[in-house]
Amino acid sequence: MSQNKTLPSWRALTSHEVMPEANHDDVARLNVLTHLNYHLGSRVLPGVKQAFEQHVKPAFVAQQQREPETRHEIRQAMLQNGYFQFWSALRRSAMEMRHQTGRIVALRQADALSAQVAALNASAPHSLALDATVQVPANISEVDIHCQPGCYYQEYFEADVTVAASYDVGLFVTTAGLLGGLSDGGGQAIVNWLALQHPDFKPKRILDIGCTIGHNIVPLAQAFPDAEVIAIDVARPCLRYAHARAVALGVSNISFVQANGEDLPQFADESFDLITTAMFWHETSHSAMPNILRTINRLLKPGGLTLHLEQPQYHQMGLYEQFIRDWDTYFNNEPYWGPMHDLDLPAMLSQAGFNAADMFDVGVRAKVDERIFGKREAGESGEDYGRAPVWNAFGLWKKP
Amino acid sequence: MNSNDIDKIELSGTKAKGQRPWFLQDKQTEQVLSIAMALATELAVTRERLATLEAVLQQQHILTADAIEAYRPSSAEVAKRSEAIQQYWAQILRVVQQDKEALSAGDKSMEQLQAELTSR
Ligand SMILES: C[S@@+](CC[C@H](N)C(=O)[O-])C[C@H]1O[C@@H](n2cnc3c(N)ncnc32)[C@H](O)[C@@H]1O
């Protein structure tokens, strides 16, 4: 990777009707922060590894007469290191600035946005089903995930969509645009993988759990225009925004439903051909995850596929990489990130009633317009761990 | 209902729920670092605006440096600028605002939450 790569402007994002309007200085700020993240990932972060190899590890070994054995030992030792402290302080501050910037843009036009979203939603009233009886589960109500104030669900006034709009604006800043014009690199990766590996698979009914603003389910709905797609989430502002966004993008085969994936009594057994999640499991919990997996098993048709985009499990990597990927667990309000990435996924699937031997693990990557958004590979030097457009997908085909 | 009753400046910089880690040995030093980073961001934004302005001016041959010096904003413009400057300081001092909110937030640490999330 050349260190002086040109990054796209936030303006390269595909405009759609509900995306808040950003003025000259908003765009400049979003771009400056995007470049700050890129600078931190490509030029500052490599120093953290040097600090570990050259200072922290030798000191640990001298004191303990052994190497660190867990990522937690590394973290405890690194927290005393000045370089790590400084990088961490900068990274945390950059994340907070991203959210503040997105929120300024969204809050400034909060009324206009909610009106526009309401109008689009009224134009297709049958594909949005909000349900005030659905409670926000503890895994997201106890903490604002990735330092996003208001998390996914907070409403500051009736029919508010601020948190969703701000998420749509700000995602680019953290990923440096690598998710593509509609931040849908993950969904595109699934479509791409299906087209290459399973060209004959034509799901008729698709369920996406934890859809947020629906950015990654839209490509699947477009790839299978005859399919009935149902996207669920617990967060009302996100669902309102997601639905309006899909309508604005001309996608009419997705129904957005407010529901908790732990129990979906409204859907019949074996009624979906494809059930997906994207970057979802690390925001659940030890109790929610088995419930949701059991629900998936109940809802999936024999012969159907369930596929989940996630970051790779920790057992596949060295301790340093585990430690650096685990930063988000403790320092970016993602308490379940680490525990989830420690889980034995085949065992989880098997407890949920699946045949664990059927599970597969595959690397999938976003297929975005590289002319605009550039290209970055996993494991490339300067990768900002956990933020590259490369995922580990796991899944299984349910035996007919 | 609309957003009239909410304080958008305060809300744009509001603290995320969850105890904030402080990395530097001295918390105030880290707050100052955070302020410096926000300032640096705003300076870069301003530079970009000036670059745009210069480009536009050059393209259109309509303004000179004199005209800028002689310009006096109207009272409506003064009011607009005042609002922008209030947002500006709130942005720069976000870290202090969030620390204020933390005083009464009763946040749990990630370790506590992790224990809860993994025991349930
Ligand atoms: C990290 S986001 C998922 C991002 C999105 N799928 C994507 O493609 O990037 C997690 C989402 O799951 C939702 N969520 C969390 N627990 C849930 C549950 N039990 N049932 C349904 N949605 C849930 C949250 O509200 C949030 O919108």
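Begin by selecting the ligand in this predicted model, and then display the residues around it, of which there are 18, the closest being A:G210, A:T212, A:N216, A:D233 and A:N260. With the ligand still centred, turn to A:N260 again, where an N or O atom of the side chain is 2.8 Å from a nitrogen atom of the ligand. Next, add A:H215 to the selection, and look for the N or O atom in its side chain that is 3.0 Å from an oxygen atom of the ligand. For A:A278, show the backbone as well, since a backbone N or O atom of A:A278 lies 2.9 Å from a nitrogen atom of the ligand. If you now switch on a surface for the protein, keep in mind that the ligand taken alone exposes 600 Å², and that the protein buries 97% of that.

From here, move to the place where the two chains meet, and colour chain A and chain B separately. The contact takes 50 residues from chain A and 46 residues from chain B. About 4400 Å² of area is buried between the two chains, with carbon and sulfur atoms giving 62% of it. To see where chain B contributes, select B:K17, B:F23 and B:L117, which supply 16% of the area that chain B buries against chain A, more than any other three residues.

Stay at the interface of chain B and chain A, and search for charged partners, of which the rule finds 5 salt bridges. One to pick out joins the side chains of A:E96 and B:R94, at 3.1 Å from N to O. Across this interface there are also 15 residue pairs in polar contact, both residues being at pLDDT 80 or more. Now show chain B by its helices: those that give two or more residues to the side touching chain A are helix 1 (8-12), helix 2 (27-60), helix 4 (75-92), helix 5 (94-103) and helix 6 (110-119). Helix 2 of chain B provides the largest share of that side, with 12 residues. Coloured by type, the residues of the side of chain B that touches chain A divide into 16 nonpolar, 17 polar and 13 charged.

For a last stop, consider the whole structure, in which a search over all chains finds 29 salt bridges. Select A:K57 and A:E67, whose side chains meet in a salt bridge of 3.9 Å, N to O. Because A:K57 lies in helix 1 (residues 24-64) of chain A, and A:E67 in the loop between helix 1 and helix 2 (71-78) of chain A, the pair ties together parts that are 10 residues apart in sequence.

Technical notes: Residues are numbered from 1 along each chain as its sequence is written. Chains are lettered from A and ligands numbered from 1 in the order in which they are written. This is a predicted model: local features need pLDDT of at least 70, side-chain atom pairs count only at pLDDT 80 or more; totals for chains, interfaces and linings use all residues. Side-chain values use heavy atoms; hydrogens and water are left out. Contact means heavy atoms within 4.5 Å. Buried area is the accessible area (1.4 Å probe) that two parts lose on being put together, summed over both. A salt bridge is a side-chain nitrogen of Lys or Arg within 4 Å of a carboxyl oxygen of Asp or Glu. A polar contact is a pair of N or O atoms within 3.5 Å; within protein, one must be able to donate a hydrogen and the other to accept it, and residues adjacent in sequence count only if both atoms are side-chain atoms. Helices (H or I, at least four residues) and strands (E, at least two) are DSSP runs, numbered from the N terminus. Ala, Val, Leu, Ile, Met, Phe, Trp, Tyr, Cys and Pro count as nonpolar, Asp, Glu, Lys and Arg as charged, and the others, Gly among them, as polar. A residue is near a molecule or strand if one of its heavy atoms lies within 4 Å of it. Accessible areas come from the Shrake-Rupley method with a 1.4 Å probe; for residues, only the protein chains shown count as cover.
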